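Please open the model in your viewer and keep the sequence panel beside it. The stops below say what to select next and what is to be found there.

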Amino acid sequence: MQRLMFNAILLSALCLPCPTAGFAQHGAEPDSTAWTPDTMLTGIHDYRAGTGPWYHRPAAGFNGLAAQHPRGFSPVTLHFGPDAFSIYEVIPQAFNEAPRAPESRVRYILGSRKEQDFTISHHQPVTGGLTFDILFRSMNTIGYYDRQGSNQRNFSTRLAWRAPGGRYRIGGGYLSNRLNADENGGLMNDSTFEYSFLDSRSLVMQLGDATSERKNKMFFLSQELLLTKQENDSTGPAGTGISVYSHATGEQRHHRFSAGQSNDHFFPVTYYDTTGTHDSLRMRRLNAQLGLSLKNPGFLKGLGAGASEVYLHGTYERYAYRQSEIDTVIDDAGAAAGLKLIGEGGLRAEFSFSLNALNGEADLYMAEAHLARNWNGHVEVQLRLRSGRYLPGSVFSFYDSNHFRWSNNRRPEEQQSLEAEVRWNRGSHMLSASGGIRLFRAFAYFDVSALPLRNADAIRLYTTAVRHEVKWKSLHLANTVEVQQADPGSPLRVPALGWHGSLYYSGILFRGALEVQTGLACRMTSTWKADSYMPATGIFYLQEEKKIGGYPFIDVFASFRIRATRFFLKLDHLNAGWNGNTYYLMPHYPYPGRTLKLGIIWDFAG
């Protein structure tokens, strides 16, 4: 699974030296100041390599449902493991690019089944380069199906100061995320859903009294000191800008699953308690980083680089994983280096390498090279090569609960990849074609009994995608088709074919007073044996009993913006029930039926 998503602060060789934006949130609404085609509005459909095209991540009314992440590269060396709910978290970023005027945003979304999503955020310049930011979000729903209710709270605050002239800046803050959700375990009998006309909340679920709680909190502090300041001449920046930066974070994370019964029909084994279940995982992390950045060093400019950056940094991290009253403590020391170049003729290049030693053994690394060339703004070719050795989540190594027990050596996975893309963009047309191959070794996964295993053989994953967009006056048509193929019989399962298309109108009416976007979007994948979800451990595992996919999802949307206020509505899953009830988010978890969502975003400035 993808590493925990706090890499905006836990920087590595794949990251820039300093984060430079406000608070971000997984699953957040795009910035309304950028009026771009948005057929998602309140839901999120995201391409995730390794889990299939446009894997739906429920949001804004169906929060609390698990979402599978890809098996990809990660700059975070040590991580928790269960991350199926990290899409609902805010992540920290320490700085703004520059002080700006006071800004506030209020967002409210209302949907059927009593879904409510309320977010308020504010940025306030205080005095003399000092700024303050705060964000609060509350989401609640009773769910579309029985025992699918959840409530979510996100809070983050940050204080940052920039010295006059910008030679020094410091920022720090605190954030917390909490999600409480019912766990229904999926349908007791899929045929009852597929071949009956029962109300959605009358369907019998496998777990009748189970709940989960996921929460984390973090303190963070970052600073940067510019030792030498660049001056501009007629050819661009003159001289080398040298800066020193540091980052520090402290984090706690907790996952808890509880049930008032042992639920023997759902779990394969019961070890010690036939009256209830309590699974708990805890993680504590302290991370410190010190680095040096050189912008536009003379020896690179002499080689023809128009702009460049070299960075070096070292990290130290202490990571503690607690399960069943047993602590596992790991010390991680790492070093990283990177180089970025922007040359003449539209050439860009980026190289990075990091090496980590866990408890004194240096056996983890990450290396990446990214090359791109643009011709006249119309044709661009990109090539990316990556290679890494990293650890799977802590949950793979040790677990002891009422229903699951295992103890494994911490052994790294390996992955290499080669990806290429060609993009043509001219006027009202855009066409891109991409392809790649990934090679996995010592692949860690969970078998059909939800127990961890290693794949002895290497696994290859091939991907090819074609995307086309065309605009005629105010009409837009976009289509993306992807073909994926993993080695037959391997535990890495993906749909062979995926398609996503949208047709919409986007224009400005009433002499510029009203911006309008309305249309429809459709997506589907071929049938495949998607992984099942185990709520007790928070992981996805192999299953052989059911295929999902082969079903089109159609959404209709409309969005209106008048000055700083945006109104929108969306009818999710318009075609629910038109051709049988065979729509699933994952095995035994049906996708919500036809659902109407309404919302407003109101921006205040000055």
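Helices and strands are taken here as DSSP runs, at least four residues long for a helix and at least two for a strand, and they are numbered from the N terminus. On that basis, colouring by secondary structure will show 2 helices and 36 strands in the protein. Please bear in mind throughout that this is a predicted model.

**Whole chain, coloured by confidence**

The average pLDDT of the protein is 81, and 83% of the residues score at least 70. Select residues 1-23, where pLDDT stays under 50 and for which the model has 114 contacts beyond four places in sequence; then select residues 26-63, where pLDDT again stays under 50 and the corresponding count is 141 contacts.

With a surface switched on, the protein exposes about 25900 Å², of which carbon and sulfur atoms supply 59%. Buried residues account for 53% of the 606 residues. Among contacts between residues at least 6 apart in sequence, 65% join residues that are at least 24 apart.

**Glu 183 and its surroundings**

Select Glu 183, which is placed in strand S9, residues 168-183. Is this residue buried or exposed? Its relative accessible area is 4%, and because buried means under 20%, Glu 183 counts as buried. Show the side chains of Glu 183 and Ser 212, and a polar contact of 2.8 Å will be seen to join them. Beyond four places in sequence, the residues that Glu 183 touches include Phe 85, Arg 147, Arg 214, Phe 257 and Tyr 533.

From there, move to Phe 257, which is found in strand S13 and is buried at 0% relative accessibility. Its contacts outside the four-place neighbourhood include Glu 183, Leu 207, Phe 267, His 278 and Ala 536. A C-alpha to C-alpha distance drawn from Phe 257 to Glu 213 comes to 6.5 Å, although these two residues are 44 apart in sequence.

**Salt bridges**

The structure holds 31 salt bridges, and a few of them are worth selecting in turn. Begin with Glu 194 and Lys 546, whose side chains meet in a salt bridge with an N to O distance of 2.8 Å. Glu 194 lies in helix H1 (residues 190-194) and Lys 546 in the loop between strand S31 (539-541) and strand S32 (553-562), so this pair ties together parts that are 352 residues apart in sequence. Both Glu 194 and Lys 546 are buried.

Next, select Arg 285 and Glu 251, which form a salt bridge whose closest N and O atoms are 3.3 Å apart. Arg 285 belongs to strand S14 (residues 277-295) and Glu 251 to strand S13 (residues 241-259), so the pair ties together parts that are 34 residues apart in sequence. Arg 285 and Glu 251 are likewise both buried.

Then select Glu 515 and Arg 561, where the side chains meet in a salt bridge of 3.2 Å, N to O. Since Glu 515 lies in strand S29 (residues 514-525) and Arg 561 in strand S32, the parts tied together by this pair are 46 residues apart in sequence. Glu 515 and Arg 561 are buried as well.

To finish this stop, select Arg 523, Asp 555, Lys 570, Asp 572 and Lys 597 together, as these residues are linked in a network of salt bridges.

**A nonpolar patch on the surface**

Return to the surface view and select Phe 351, Leu 371, Leu 383, Leu 385, Leu 418, Ile 437 and Tyr 462, which make a nonpolar surface patch of about 530 Å². Within this selection, Leu 385 is found in strand S19, residues 379-390, and with a relative accessibility of 39% it counts as partly exposed.

**Two backbone angles to inspect**

Which phi value does Asn 296 have? Although Asn 296 is not a glycine, its phi is positive, at about 55°. Asn 296 is placed in the loop between S14 and helix H2 (298-301), and it is buried, with a relative accessible area of 10%.

The last selection is His 588, again a residue other than glycine with a positive phi, here near 75°. His 588 lies in the loop between strand S34 (584-586) and strand S35 (589-590), and its relative accessible area of 13% makes it a buried residue.

How values were computed:
Residues numbered from 1 in each chain as written. Predicted model: local features only at pLDDT ≥ 70, side-chain atom pairs only at ≥ 80, totals over all residues. Heavy atoms only, no water. Buried < 20%, exposed > 50% of the residue type's maximum accessible area, 1.4 Å probe, protein only. Polar contact = N/O pair within 3.5 Å; in protein donor to acceptor, adjacent residues only side chain to side chain. Contact = heavy atoms within 4.5 Å. Patch = residues over 30% accessible without salt bridge, like charges linked within 9 Å, V, L, I, M, F, W, Y side chains within 5 Å. Areas by Shrake-Rupley, 256 points an atom, 1.4 Å probe, with all protein chains shown as cover. Salt bridge = Lys/Arg side-chain N within 4 Å of Asp/Glu carboxyl O. pLDDT = per-residue confidence, 0-100.
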